[in-house]
Amino acid sequence: MNLISTGFSMGSARVISSHKASTHFFLNFHKLIISKIPLNTLTFPFGFSSHRSLTTKQRRFGTNIKSLNKYDTDGNSSTTSFTWDDVSEFELNDHSTLQGFFDKVHLNNRNSDKQCEFMPFVIEDQIVGFVHHGFADHLKEFKDVFIFHKDNSQSDQVSNVTLHKNLTTPEGRTRAVADVIKCLGKELIPGIRNELYPVTPFHGAPALFAMERAAAPYFGIKAYGVHMNGYVERDGKKFLWVGKRSNLKPTYPGMLDHLAAGGLPHGTSCQENLIKECEEEAGIPPSISVKARPVGAVSCIDINGFRYKRDVLFCYDLKLPESFYPKNEDGEVDSFKLIPVSHVANIIRRTHFFKANCSLVIMDFFFRHGYIKPESFGYLKLLQSLRNGDCS
């Protein structure tokens, strides 16, 4: 096994079964690859061999490039478990295209054709989110908080939703919306975390108010996060530290994750948040984490029922000393492994072990560090797809 272990015990975790991806774009893209270019002339990244047999476990965990697992980007999953030994099964470099990466992009960007089911959420003449017409029916009960405007035609179609004119301050809006979210309860908005996200039309703008993190996708609020790739260089090769989430986590229990990452709370800067997450999740002292380099952002738009997720993830790279070993401090990570970057690539392409949005950030790392090359068919399309959402 080429995994370099920290010595942490391996616990059981959750992963999910596979099903066929049937979206028009990705099937057509796959057909284009097969029909236009002979497989033996394709350029494969990471030094993949064209003649590798798959193990039983690889088949079990969804190696078919057409398959997608049954979980959503809010972290709901079935109960199939996997261990670090299962992860190591996918170290073998096998014959592949970029299709497995496109599948992960699709998992974070579903149902764009359903945007018409949502109305704009407008504050001070600025669109800050989007609300599903079905979810809006629940908000109409709170007439002292939400106001619904109809369009200028003779129809009863609602054009947008806003807050009551009496709610003029960020503090007042925050309290009023919080009361509504509390009344709606966990049946409509599960996973309440008592963590506030800023509501802004774009990053850096003054917050018009703050909203419970779990409710953000139900109002289509743009959510920001910081995600860090912690890596080590050893004998000219790069390795990524990968965390395995605790089985007790309410979202994505037991799945693979970055060394450190987290949503960006109200009133906290990206660097402040990253330093905090580094210390809590991996035991990285501020003297080291302050050296993390901001290297850009990825974004996605995912629609699932009433939820309209508009996420922007700020990406960071941190080169760590070879002598460093992470240690979780907040109980949210079960264990860590140091894995060669080329093997991480194969895990992402061939499995759904990683938390959904982590795949996007790690793929961005592959591009920037030359592990996905321009010679690979679909290079530019994949690069563009990492920013499907509005990066503002």
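At what angle do the axes of α4 and helix α10 (residues 356-368) cross? In this predicted model, local features need pLDDT of at least 70 and side-chain atom pairs count only at pLDDT 80 or more, while totals for chains, interfaces and linings use all residues. Residues are numbered from 1 along each chain as its sequence is written, and side-chain values use heavy atoms, leaving out hydrogens and water.

The axes of α4 and α10 cross at roughly 140° and come within 10 Å; axes here are lines fitted to C-alpha atoms, for helices over the stretch in contact, with angles from 0 to 180 degrees between N-to-C directions. The two helices are therefore oblique to each other, since angles under 35 degrees count as roughly parallel, over 145 as roughly antiparallel, 65 to 115 as roughly perpendicular and the rest as oblique. Phe101, Lys104 and Val105 of α4 make the contact (heavy atoms within 4.5 Å) with Ser359, Leu360, Met363 and Phe366 of α10.

A second partner of α4 is helix α9 (residues 341-350), whose axis comes within 7 Å of that of α4 and crosses it at roughly 60°. This pair is therefore oblique as well. Here Gly100, Phe101 and Lys104 in α4 meet Ala345, Ile348 and Arg349 in α9.

Lys104 appears in both meetings and belongs to α4 (residues 99-107). Lys104 is buried (under 20% relative accessible area, 1.4 Å probe, protein chains only) yet has no salt bridge, meaning a side-chain nitrogen of Lys or Arg within 4 Å of a carboxyl oxygen of Asp or Glu. The nearest side chain of opposite charge, Asp103, is 5.5 Å away; Lys and Arg count as positive, Asp and Glu as negative, and His and the chain ends are not counted.

Definitions and conventions:
Helices (H or I, at least four residues) and strands (E, at least two) are DSSP runs, numbered from the N terminus. Buried means under 20% relative accessible area, exposed over 50%, partly exposed in between (1.4 Å probe, protein chains only).
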